[in-house]
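Please consider the following structure and the exchange about it.

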Amino acid sequence: MSSRGPSPLRPPTTPFRPNDQMSPIDRDLHPVIHKGRVAVITGAASGIGRAAARELAKLGLKIAIADVDEAGLSVLAKELASAYGESNVLSMPTDVSKLEEVVRLHDRVYEAWGEVAVLMNNAAIGIRGTSFEGLDNWKSIMDVNLFGVLNVQHTFVPSMLHQENQSVIINTGSKQGITNPPGNAAYNASKAAVKSLTEGLAHELRERPGVNVTAHLFIPGWTFTGMTANAPGAVKPPGAWTPEETVLFMLDRVRSGDFYILVPDNETRREVDQLRILWGAGDIVEGRPALSRWHPNYKSLFEEYMKEGLAQMD
Ligand SMILES: NC(=O)c1ccc[n+]([C@@H]2O[C@H](COP(=O)([O-])OP(=O)(O)OC[C@H]3O[C@@H](n4cnc5c(N)ncnc54)[C@H](O)[C@@H]3O)[C@@H](O)[C@H]2O)c1
């Protein structure tokens, strides 16, 4: 056991904003999430992507949906077209890991509508790879979760830079890409890469004169979707949020201009996430072993840190 005490790093005692409080911004006045503008969503055939497509369509945006799941995509396309009109929906079977398919998606969207206001990089897979097993899975997961995002950025961002109207890029990361819990090293690494890539994108966009595009890192909490349901017909566990709840929270924070959109769920509130993130950073600063949160010698120290931290914040 280390002789060092609990981490001196403490999150601010005032939480950034209560989880249940939506921003005061007038939803109807937001220039990007606005009727008549265009949203492109990858991984839109199910889960969070589908919920985002439905919500943005409801708000009056034209929607381009892309996914490898052609059947799921076609069901959603029909649903959206019958509710909002065929001319407002573009459905494109697309494998984001294939650059030529992403280029085709880009060309169709710009031919049809001439702009993109919301670019949502959401497609991902969660197949397993440990640190020294499952190399094929590592390659597949990086192809989709990292290179899928890069393919979309490299294809769409150069066009978005020339648009006069404001637009946003929302990349879907994960808490697993920040706190790195043991279990699926490949997924964690892919999402850590998405975090790094999106932070870089935000900086590059803001440094470029005259550019009206911002980047946002969307970090969902535990959301009940195809990725997290453990069996067909499974019922949402009480701790998880629905995809709709997660998407509404995300859109609210995009409207507020937040870069890091850290979403809670019914099990983990924001303050818990904040403390966990600071503990992870503390491993480096204080010289603790990697992933000390899961190290038996640090178990009680971590528990004490969480208890004290939450008491200070409450
Ligand atoms: N559900 C959660 O608790 C949770 C938590 C953190 C992050 N996320 C992230 O949220 C995003 C959405 O996941 P979800 O939970 O809705 O899962 P999901 O499996 O329901 O949706 C993912 C979608 O991506 C599609 N997809 C997979 N590979 C693709 C490819 N190569 N090209 C195009 N589409 C592809 C799938 O067909 C599917 O429709 C993912 O980036 C995921 O990593 C989810």
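The questions below concern one helix, the ligand shell and the nonpolar cores.

Me: On what kind of model and numbering do the answers rest?
Reply: The model is predicted; local features need pLDDT of at least 70, side-chain atom pairs count only at pLDDT 80 or more, and totals for chains, interfaces and linings use all residues. Residues are numbered from 1 along each chain as its sequence is written.

Me: How many Å does helix H7 reach from its first C-alpha to its last?
Reply: Helices are DSSP runs of H or I with at least four residues, and strands are E runs of at least two, numbered from the N terminus. H7 (residues 243–256) has 14 residues. The expected span is 1.5 Å times one less than the number of residues. That gives an expected 20 Å, and H7 comes close to it, reaching 20 Å.

Me: Which residue just after H7 takes a positive phi?
Reply: H7 ends at residue 256. Just after H7, a positive phi of about 85° is taken by Gly257.

Me: Which helix gives the most to the shell around the ligand?
Reply: A residue is near the ligand if its C-beta atom, placed from the backbone, lies within 6 Å of it. H1 and helix H4 (135–160) each supply at least two residues of the shell. With three residues, the most is given by H1.

Me: Which helix supplies the largest share of the largest nonpolar core?
Reply: Such a core joins buried Ala, Val, Leu, Ile, Met, Phe, Trp, Tyr and Cys residues through C-beta atoms within 7 Å, buried meaning 20 or more other C-beta atoms within 10 Å of a residue's own. The core has 65 residues, and Ile63 is among those that touch the most other members. The largest share, eight residues, comes from H4.

Notes
A residue is buried if 20 or more other C-beta atoms lie within 10 Å of its own, exposed if 12 or fewer, and partly exposed in between; C-beta atoms are placed from the backbone.
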